[in-house]
Amino acid sequence: MKPVHFDPQKDLAPLPFDDRICQQALQMKAAGLKWRPHVGCFVWDPENCIKQDSPFPNRIYFVLSIPRFIEIFGDVETMAAKLVWLPTWHQARLLCKDLGLPGDTISNPWQGNDSLPAGEELLHLYGVLMAALVEKKFAAFVGPKIELDKISIAALIRRPGDITAWPEKFTAAVLVVYRQFIEAYLNLLRQQENKPLDWFPPYLSIDPELADGMRHFYSDYQHITRKFFKLNQKLDRLRDIDKHNQSKLFQDSIDEILGLCAE
């Protein structure tokens, strides 16, 4: 029997199948969200490990049989390492409860005139979870500007992955550059979307066009933005260096980035 694939144009999705959800889930994983694979979970396969086509868009699968996934990955640990868990709305609420988040933190956006539009509920819950995970795991880097710090750390996690292996002094220096850029970026975003000065999005996806405009057309932000772009290029190269087998090259790259951050 030929399988019938999910049609996003006609079918009602069981959860939002878009890049924002997947990327936020990837950030939560990098921030320390633990997942024990079990039946009833949606997962994203970003590395194309599963060769069989998914019935859903964006390489999203539903775990119906753990033994079938073990056939593909070899064991549950590898399955958890390679796949990204996409908690459903109900699972996300349970995670919020496990993290000790107060009920009003979760329920407030559904109240009043500024309630969330349809399809944004899960993204909001992911944002709440991400903020809690960041505060829990990276408390040493969360200062007086709590919301700005959380978003900056989340943005940094998204790029190189696990930053817990970095020296603390190095992470703090890199975050200074990230905070400066994110603060400037949010200022422009608030102006474009007519948001108040204290507005922070539950999930920040940096628009390449807006960021590029900051680098070329906004004189107040040019230096900050160019430094941010240059830093990311160096972080990408650092990510590809084997810390143990290329220790000197790794340390040289660390020193080079610290020099850039101090400029």
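What follows is a walk through this predicted model, from its confidence scores to a pair of crossing helices.

Let's begin with how far the prediction trusts itself. The mean pLDDT of the protein is 87, and 92% of its residues reach 70 or more. Confidence varies between the elements: strand β1 has the highest mean pLDDT, at 97, while helix α5, covering residues 103–107, has the lowest, at 65. Please keep that value in mind if your eye settles on α5.

Now turn to the start of the chain and look for F17, in the segment before helix α1, which spans residues 19–30. Is F17 buried or exposed? Its relative accessible area is 13%, below the 20% cut-off, so F17 counts as buried. Leaving out residues up to four places away in sequence, F17 touches F6, F42, F56, P57, N58 and I60. For a sense of distance, the C-alpha atoms of F17 and Q52 are separated by 18 Å, with their positions 35 residues apart along the chain.

One of those partners, N58, leads us to the loop between β1 (42–44) and β2 (60–62). The backbone deserves a look here: N58 has a positive phi of about 60° although it is not a glycine. R59 is found in that loop between β1 and β2 too, and its phi is likewise positive, near 60°, again in a residue other than glycine. As for exposure, N58 has a relative accessibility of 38% and therefore counts as partly exposed. R59, at 24%, is also classed as partly exposed.

Further along comes helix α2, residues 66–73, where I66, F69 and F73 are buried. Seen down the axis of α2, its buried residues fall within an arc of 65°, so they line one face of the helix. What do the buried residues of α2 pack against? Their partners are β1, β2 and α3, the last of these spanning residues 76–82. On the other side of α2, P67 and E71 are exposed. Just after the helix, G74 takes a positive phi of about 100°.

The next stop is P87, in the loop between β3 (84–86) and α4 (89–98). With a relative accessibility of 0%, P87 counts as buried. What surrounds P87, once its neighbours within four places in sequence are left aside? P87 is in contact with M28, L33, A92, L95, L122 and Y126. By contrast, A140 does not appear at close range: P87 and A140 are 27 Å apart in space, C-alpha to C-alpha, and 53 residues apart in sequence.

We finish with two helices, α7 (residues 146–158) and α8 (residues 168–193). How do they sit relative to each other? Their axes come within 9 Å and cross at roughly 110°. That angle falls in the range of 65 to 115 degrees, so α7 and α8 are roughly perpendicular to each other. The crossing in which α7 passes α8 is right-handed. To trace the contact on your screen, pick out L148, D149, I151, S152, I153, A155 and L156 in α7, which meet V174, L175, Y178, R179, I182, E183 and L186 in α8.

Technical notes: Residues are numbered from 1 along each chain as its sequence is written. This is a predicted model: local features need pLDDT of at least 70, side-chain atom pairs count only at pLDDT 80 or more; totals for chains, interfaces and linings use all residues. Side-chain values use heavy atoms; hydrogens and water are left out. Helices (H or I, at least four residues) and strands (E, at least two) are DSSP runs, numbered from the N terminus. Buried means under 20% relative accessible area, exposed over 50%, partly exposed in between (1.4 Å probe, protein chains only). Contact means heavy atoms within 4.5 Å. pLDDT is the predictor's confidence in each residue, from 0 to 100. The arc is that of the directions from the helix axis to the C-beta atoms. Axes are lines fitted to C-alpha atoms, for helices over the stretch in contact, and angles run from 0 to 180 degrees between N-to-C directions. Angles under 35 degrees count as roughly parallel, over 145 as roughly antiparallel, 65 to 115 as roughly perpendicular and the rest as oblique. A crossing is left-handed if the near helix is turned anticlockwise from the far one by less than a right angle, and right-handed if clockwise.
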